[in-house]
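Please open the model in your viewer and keep the sequence panel beside it. The tour below goes from one selection to the next and says what is found at each stop.

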Amino acid sequence: MNDSKPLSDRLALVTGASRGIGAATAEALANAGAHVILVARKTSDLEQVEEQIHSGGGSATIAPLDLTDGDNIGKLAGAVAERWGKLDVLVLNAAMLGSLTPVQDIDPKEYSRLLSLNLLANQAMIAAFDPLLRKAEQADVVALTSSVGGEPRAFWGAYGSSKAGLETLLSTYADETAYTGRMRVHIIDPGATRTRMRALAFPGEEPDTVKPPEAVASRIVERIIANGPTGEKVRIEA
């Protein structure tokens with residue numbers, strides 16, 4: 001293994017890779033030597049991240065798609081299988097905040113969209129890519145959660161319940177795959193981070209008072225490189 005590029009010859013896929021923590025994580029993985037598949041809806045935004053990775057000497061492939069369309073996920077998995085035959089790192093980052101509102105006022109249509117992206121799409125990603133992860137010498141699955149997934153807070157019921165479901169789903173997957181000795185699941189609570197979602201949730205907050213996405217990305221890559229336990233939930237404070 002190249003000490004300066006510890007993830008050389010590894011293939012990573014990052015959802016929500018067009019901005020924020022997803023983009024920063026994709027760049028950090030590429031800097032560590034991985035080839036990164038960038039997944040998000042907008043081609044133009046993905047191209048900017050891809051260009052940034054290439055300018056830094058890394059390699060990446062863009063895969064624009066809507067994760068709420070299960071057929072798209074299956075097609076992507078098929079394409080990855082045909083070209084690379086395996087997947088070493090899967091980062092489940094894509095999510096939407098939705099409206100912050102009392103439980104009785106949650107809009108059913110918005111809640112359905114939120115659960116489709118924040119929870120159901122992640123299960124579909126695991127289902128589609130599990131065979132490719134099992135073909136890797138060492139596979140890592142990273143899921144981004146939130147403190148409200150485990151600590152309910154007024155007006156955060158919709159988003160919080162989606163993250164609570166995600167945590168349960170990933171913890172279960174960790175337990176189910178622990179026997180392989182080659183699959184690790186990391187549940188990451190990034191804490192307060194300078195992202196678009198954070199700005200929507202806390203519009204009066206000064207952005208410079210919270211850490212940048214790059215700080216979270218660095219910790220994610222550190223966990224992937226380290227030989228740590230599976231199923232851990234880690235909160236990144238700074």
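The stops begin with the whole chain, go on to its nonpolar cores, and end with single residues.

**The whole chain**

Before selecting anything, keep in mind that this is a predicted model. Show the chain as a cartoon and colour it by secondary structure, and you should be able to count seven helices and seven strands. If you follow the cartoon along the sequence, the elements come in the pattern β-α-β-α-β-α-β-α-β-α-β-α-α-β. The radius of gyration is 17 Å, close to the 18 Å that the globule rule gives for 238 residues, so the chain is as compact as a globular protein of that length. Along its principal axes, the C-alpha trace spans about 50 × 40 × 35 Å.

Switch next to a surface display, where the chain exposes about 11,300 Å², with carbon and sulfur atoms supplying 50% of that area. Of the 238 residues, 47% count as buried. If you colour the charged side chains, you will be looking at 24 positive and 30 negative charges, whose mean positions are 1 Å apart. Among the contacts between residues at least 6 apart in sequence, 70% join residues at least 24 apart.

**The largest nonpolar core**

In soluble globular proteins, nonpolar side chains tend to be buried together. To see this model's largest nonpolar core, which has 34 residues, select Leu13, Leu67, Leu90, Phe129 and Val141, the residues with the most contacts inside it. Then highlight the elements that each supply at least two residues of this core: the strands are S1 (11–15), S2 (35–40), S4 (89–92), S5 (139–144) and S6 (183–189), and the helices are H3 (70–83), H4 (108–134) and H5 (157–177). Which helix gives the most to this core? It is H4, with eight residues.

Centre the view on Leu13 and show its surroundings. Leaving aside residues up to four places away in sequence, Leu13 touches Ile37, Val39, Leu76, Leu87, Val89, Leu90, Val91, Met125 and Phe129. Apart from this core lies another, of 32 residues, and you can find it by selecting some of its members, among them Ala17, Ala30, Leu144 and Val216.

**Two residues with positive phi**

Most residues other than glycine have a negative phi. Two exceptions can be visited here, beginning with Asp9, whose phi is near 70° although it is not a glycine. Asp9 sits in the segment before S1, and at 76% relative accessibility it counts as exposed. Move on to Phe155, also a residue other than glycine, which has a positive phi of about 80°. Phe155 belongs to the loop between S5 and H5 and, with a relative accessibility of 48%, counts as partly exposed.

**A loop residue and two helix residues**

Select Arg41, in the loop between S2 and helix H2 (43–55). Is Arg41 buried or exposed? Its relative accessible area is 67%, which is over the 50% cut-off, so Arg41 counts as exposed. Even so, and not counting residues up to four places away in sequence, Arg41 touches Pro64, Leu65 and Asp66. Draw a distance from Arg41 to Gly56, and the two C-alpha atoms, 15 residues apart in sequence, should come out 23 Å apart in space.

Thr172, the next selection, lies in helix H5 and is partly exposed, with a relative accessible area of 38%. From the C-alpha of Thr172 to that of Val185, 13 residues apart in sequence, the distance is 9.8 Å.

Now go to Arg198, in helix H6 (residues 196–201), which counts as partly exposed at 22% relative accessibility. Beyond residues up to four places away in sequence, Arg198 touches Ala192, Thr193, Glu205 and Val210. Ser18 is 180 residues from Arg198 along the chain, and their C-alpha atoms are separated by 16 Å.

**The last stop**

Finish at Ala238, in the segment after strand S7 (232–235), where the residue is exposed with a relative accessible area of 72%. Which residues does Ala238 touch, not counting those up to four places away in sequence? They are Lys211 and Arg219. A C-alpha to C-alpha line from Ala238 to Asp175 covers 28 Å, and these two residues are 63 apart in sequence.

Terms used. Residues numbered from 1 in each chain as written. Heavy atoms only, no water. Helix = DSSP H or I, 4+ residues; strand = E, 2+ residues; numbered from the N terminus. Rg over C-alpha atoms; globule rule 2.2 N^0.38 Å. Buried < 20%, exposed > 50% of the residue type's maximum accessible area, 1.4 Å probe, protein only. Contact = heavy atoms within 4.5 Å. Areas by Shrake-Rupley, 256 points an atom, 1.4 Å probe, with all protein chains shown as cover. Lys, Arg positive; Asp, Glu negative; His and termini not counted. Charge placed at Lys NZ, Arg CZ, Asp CG, Glu CD. Core = buried A, V, L, I, M, F, W, Y, C linked by side-chain atoms within 4.5 Å.
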